[in-house]
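Work through the exercises below with the sequence and the model open. Try each task before reading its solution.

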Amino acid sequence: MDQHVTYCRICEPLCGLIATVEDGRLLSLRPDPDHALSGGRACPKGIAFTDVQNDPDRVLHPLRRTADGTLERVGWDEALDDIARRLSEIMATHGGGAVGQYFGNPTAFGYATGLWSGLFMARLGAHHQYSSGSQDINSRFVASKLLYGAAFEIPFPDLPRTDFLFMLGANPLVSHGSAVRTPRIKDDLADIVRRGGRVVVVDPRRTETARAYEHLPVRPDSDAWLLLSMLHVIFADGLADEQAIAEQTTGASRLRDLAAQFPPEDTAERTGVPAETLRALARDFAAAPSAAAYGRVGACLGRHGTLVSYLLDALAIVTGNLDRAGGLLMPRAVIPLEEMGERTGRLTYNKATSRIGGLPDVIGTFPAALMAEEIQTPGPGQMRALFVTAGNPVLTVPDGPKLESALEQLDLMVSLDLYITETNKHADYILPSTTFLERHDLPFGFAWSSSTVFLQSAEPVLEPYGEARNEWEVFDELARRMGLAMFATGPLQRFNGVLAWLDRRGIARMTPRRLMELLLRTGPYGDRFGLRRGGLNPRRLRENPHGVVLAERAPAGILSEVIHHDHGRVVLEPEEILVEAARLGDRHPDDPAFPLMMIGMREMRSQNSWMHNSATLMKGDRRHRARISPADAADAGLATGDRVRITSPHGSIETHAEITDDLQPGTIAVPHGWGHAGGWQRANQAAGANVNELVSTSSDELERLAGMAVLNGVPARIEAVRASHLGN
Ligand SMILES: Nc1nc2c(c(=O)[nH]1)N[C@H]1C(S)=C(S)[C@@H](COP(=O)(O)OP(=O)(O)OC[C@H]3O[C@@H](n4cnc5c(=O)[nH]c(N)nc54)[C@H](O)[C@@H]3O)O[C@H]1N2
Ligand SMILES: Nc1nc2c(c(=O)[nH]1)N[C@H]1C(S)=C(S)[C@@H](COP(=O)(O)OP(=O)(O)OC[C@H]3O[C@@H](n4cnc5c(=O)[nH]c(N)nc54)[C@H](O)[C@@H]3O)O[C@H]1N2
Ligand code: SF4
Ligand SMILES: [Mo]
């Protein structure tokens, strides 16, 4: 039996794990007690990943769809030859604009897939790029692009030093934190209070986090009004930090004028927060020695997600809490991949617009909600070929059934996944991918949103099971077969000459790993190939498998270094934001046919749509349940365990009811990622419903600035399903 040090790549904390391996099989995973950040902690999902790794339902050989619609095993070479041939044909007839990709959430936890699929798509001139981001975080990217000129500069709360954490639309005791990396977030939050500080949780539901701290219940999708009123009080009461505003920003006066229009007395009815409560909160936030404003999915998925993300930062900025210990810190990457993307102009916003709906691109991607229509609408630029890489949009994007019928119209659909999913069961090819235990990784992205600067690399701890392959090698192979050089365009253009030269001479086949190591060594903590003593290099990482702490505390005072606007200041008056704010008034009156508002939620033992096949996580007859307040349940004649039908203006689903006073009357909460009908047998048995069937894909119902799907604050009504309909 061998023990291997590695780290989990299911969600953002990247907790340290120890894998026990025997004869090339994974026996178990346990928390790594020697990991500097997670120090012996891991959540149930990380431990249960053994079930995924060894899942008998996992796809371990390439599969091809036959004429009668069934899937049959096929060899890699045959599959890749045919895909390359069919792609070339589509390109010859329709051009690269007909090719697309949807990449899902797991691609964010490994560097190679995103890099190589991105290069490949750029070489094809593929225009149709989509991702889970338009159901998750693109609004936050746009807010950062407008404020700081850099999409990935998402300020994160300095949890170990803050006196006041204002948390809006996040539930880190279950999610373990997003856009802030801290595997022991439970301890971090408890420490704030222990130091005499406060944690205030703004959420329509009394969540696990809200329960543990101060809960401020709000009406769904009212955060823009709440935040504008807080700013109103701060400016009106002379609590703004004028020196910080003068030093760090431009355009504060326009924000001041805007906030002046939102006195708390005027917004109380909409937010559900009494004016006096809000005034006290605003004053306390401004008066705290240090304060951080933090929001995640609940801030991003409403009708005004970009505006809300902007306002959260604005709150910290005008109180002098940006780029300062105990406030919000700016991430500085150890491996400056995004920095390079930004410098080479690849991390675009609104440089192109979608064919359907004319919505702006966010980092070169368009709203995934538009995919179905982009496939179904004839004309130049119609999408005819689609790669789905580590994603399950049929369950995670609005209106899965519509997407399913659209997928059937594609000339070519290829999926890289671990399973047969609700999405890729429509594919022509399913290509089996390696799990994170079967590949090398260096963290990037949100790994830098951490109050401790830390880096760990992970060697594969297992040989790929069956015929599974790394995703990047699939794209590399396709490029070779199609006679394309990966480096002619793309985010790595700067290195083109060197890379092409090395590659041509066969000195070094350029691989994603070589590239990352190059960036690491030339980055801010790198050894500059020996020029900087004690700097990071791959050897040092190998010799320290539990990781290397590069700084106990992330730096403050780096704003001018990380801002990409020419004048080096935060832009507080982006035109897009001001226009959006001016529209806050013109929301349609509530429709009495849909008296409730539905929001989403996450559960400890789910990971979006893809861990419901794990025996460990599904123990105890777990089911999909809609959370309903006692008053709304009484109105509908519902008790816990009853079947409930939820209807929105767009659709209708049936699931089980759970009555809970965590919710106030008028709001229901329903998790996403259920309603399985794929190759995962246990997940299929769990039944439940796909909540995103309640959401429309119509382009004019998407959030305007980032094209976000509006998944929170969905109008709804509920009714009991009569006994004659009982069943699963
Ligand atoms: N209503 C509602 N909808 C939501 C949300 C919500 O809050 N409410 N949340 C949204 C959010 S935040 C997100 S991130 C999205 C997620 O949206 P998606 O990324 O589309 O969905 P996942 O369920 O994460 O599916 C990931 C897929 O990748 C596969 N996979 C896992 N690991 C690997 C790997 O290493 N390689 C490969 N090739 N495949 C792998 C899994 O089998 C699974 O099929 O859902 C969004 N949808
Ligand atoms: N166990 C588990 N962990 C996960 C995941 C998982 O599926 N399961 N998914 C991972 C992913 S992909 C992500 S992106 C992160 C997300 O991480 P978080 O954002 O921390 O997770 P959520 O539980 O979605 O928290 C969002 C909160 O917003 C609240 N909310 C909904 N609507 C509104 C609103 O209008 N206003 C306000 N103020 N709040 C609102 C919800 O009630 C919910 O408590 O979690 C990651 N971690
Ligand atoms: S919180 Fe759980 S799933 Fe997320 S990285 Fe840590 S162990 Fe993995
Ligand atoms: Mo996400």
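**Exercise 1. Place one arginine.**
Find the element that holds Arg-514, decide whether Arg-514 is buried or exposed, or in between, and give its distance from Leu-216.

*Solution.* This is a predicted model.
Step 1: Arg-514 sits in helix H21, residues 512–522.
Step 2: the relative accessible area of Arg-514 is 41%. Buried means under 20% and exposed means over 50%. Arg-514 therefore counts as partly exposed.
Step 3: Arg-514 and Leu-216 are 298 residues apart in sequence. In space, their C-alpha atoms are 48 Å apart.

**Exercise 2. Salt bridges of helix H2.**
Identify the salt-bridge partners of Glu-78 and Asp-82, and locate each pair in the fold.

*Solution.* The whole structure holds 51 salt bridges. Two of them are taken here.
Step 1: Glu-78 pairs with Arg-64, with the closest N and O atoms 3.1 Å apart. Glu-78 is in helix H2 (residues 76–94), while Arg-64 is in strand S4 (residues 63–65). The two residues are 14 apart, and the pair links distant parts of the chain.
Step 2: check the exposure of this pair. Glu-78 is partly exposed at 45%, and Arg-64 is partly exposed at 22%.
Step 3: Asp-82 pairs with Arg-86, with a closest N to O distance of 3.3 Å. Both residues belong to helix H2. They are four residues apart, about one turn of the helix.
Step 4: check exposure again. Asp-82 has a relative accessible area of 16%, so it is buried. Arg-86, at 22%, is partly exposed.

**Exercise 3. A bridge from strand to loop, and a network.**
Find the partner of Arg-625, state which parts of the chain the pair ties together, and then name the members of the salt-bridge network that includes Asp-82.

*Solution.*
Step 1: Arg-625 forms a salt bridge with Glu-603; the closest N and O atoms are 3.1 Å apart.
Step 2: Arg-625 is in strand S24 (residues 625–628), and Glu-603 is in the loop between strand S23 (596–599) and helix H25 (615–618), so the bridge ties together parts 22 residues apart in sequence.
Step 3: Arg-625 is partly exposed at 26%, whereas Glu-603 is buried at 10%.
Step 4: turn to the network. Salt bridges with shared partners join Asp-82, Arg-85, Arg-86, Glu-89 and Asp-428.

**Exercise 4. The shell of ligand 1.**
Describe the surroundings of ligand 1 and work out how much of its area the protein buries.

*Solution.*
Step 1: ligand 1 is surrounded by 30 residues. The closest are Tyr-102, Asn-105, Asp-417, Glu-471 and Ser-609.
Step 2: sort the shell by class. It has 11 nonpolar, 14 polar and five charged residues.
Step 3: look for elements. Helix H17 (393–396) and strand S18 (412–417) each give at least two residues to this shell.
Step 4: list side-chain contacts to nitrogen atoms of the ligand. Glu-471 places a polar side-chain atom 2.6 Å from one. For Asn-692, the distance from a side-chain N or O atom is 2.7 Å. For His-672, a polar side-chain atom is at 3.4 Å.
Step 5: alone, ligand 1 exposes 920 Å², and the protein buries 97% of that.

**Exercise 5. The shell of ligand 2.**
Repeat the analysis for ligand 2, with attention to backbone contacts.

*Solution.*
Step 1: 29 residues lie around ligand 2. Ser-175, Asp-203, Asp-221, Asp-223 and Ser-606 come nearest.
Step 2: the classes are nine nonpolar, 12 polar and eight charged.
Step 3: take the backbone atoms. A polar backbone atom of Asp-221 is 2.7 Å from an oxygen atom of ligand 2. Val-297 has a backbone N or O atom 3.0 Å from an oxygen atom of ligand 2. Glu-603 has one 2.9 Å from a nitrogen atom of the ligand.
Step 4: the protein covers 98% of the 920 Å² that ligand 2 has accessible on its own.

**Exercise 6. Ligand 3 and the annotated span.**
Classify the shell of ligand 3 and describe the annotated span of residues 1–57.

*Solution.*
Step 1: the shell includes Cys-8, Cys-11, Cys-15, Cys-43 and His-176.
Step 2: by class, the shell has eight nonpolar, two polar and one charged residue.
Step 3: an unreviewed UniProt entry lists residues 1–57 as "domain: 4Fe-4S Mo/W bis-MGD-type".
Step 4: this span is 18% helix and 35% strand, and its end C-alpha atoms lie 25 Å apart.

Conventions
Residues are numbered from 1 along each chain as its sequence is written. Chains are lettered from A and ligands numbered from 1 in the order in which they are written. This is a predicted model: local features need pLDDT of at least 70, side-chain atom pairs count only at pLDDT 80 or more; totals for chains, interfaces and linings use all residues. Side-chain values use heavy atoms; hydrogens and water are left out. A residue is near a molecule or strand if one of its heavy atoms lies within 4 Å of it. Ala, Val, Leu, Ile, Met, Phe, Trp, Tyr, Cys and Pro count as nonpolar, Asp, Glu, Lys and Arg as charged, and the others, Gly among them, as polar. UniProt positions are given in the numbering used here, feature names are shortened, and annotations may be inferred rather than shown by experiment. A salt bridge is a side-chain nitrogen of Lys or Arg within 4 Å of a carboxyl oxygen of Asp or Glu. Buried means under 20% relative accessible area, exposed over 50%, partly exposed in between (1.4 Å probe, protein chains only). A polar contact is a pair of N or O atoms within 3.5 Å; within protein, one must be able to donate a hydrogen and the other to accept it, and residues adjacent in sequence count only if both atoms are side-chain atoms. Accessible areas come from the Shrake-Rupley method with a 1.4 Å probe; for residues, only the protein chains shown count as cover.
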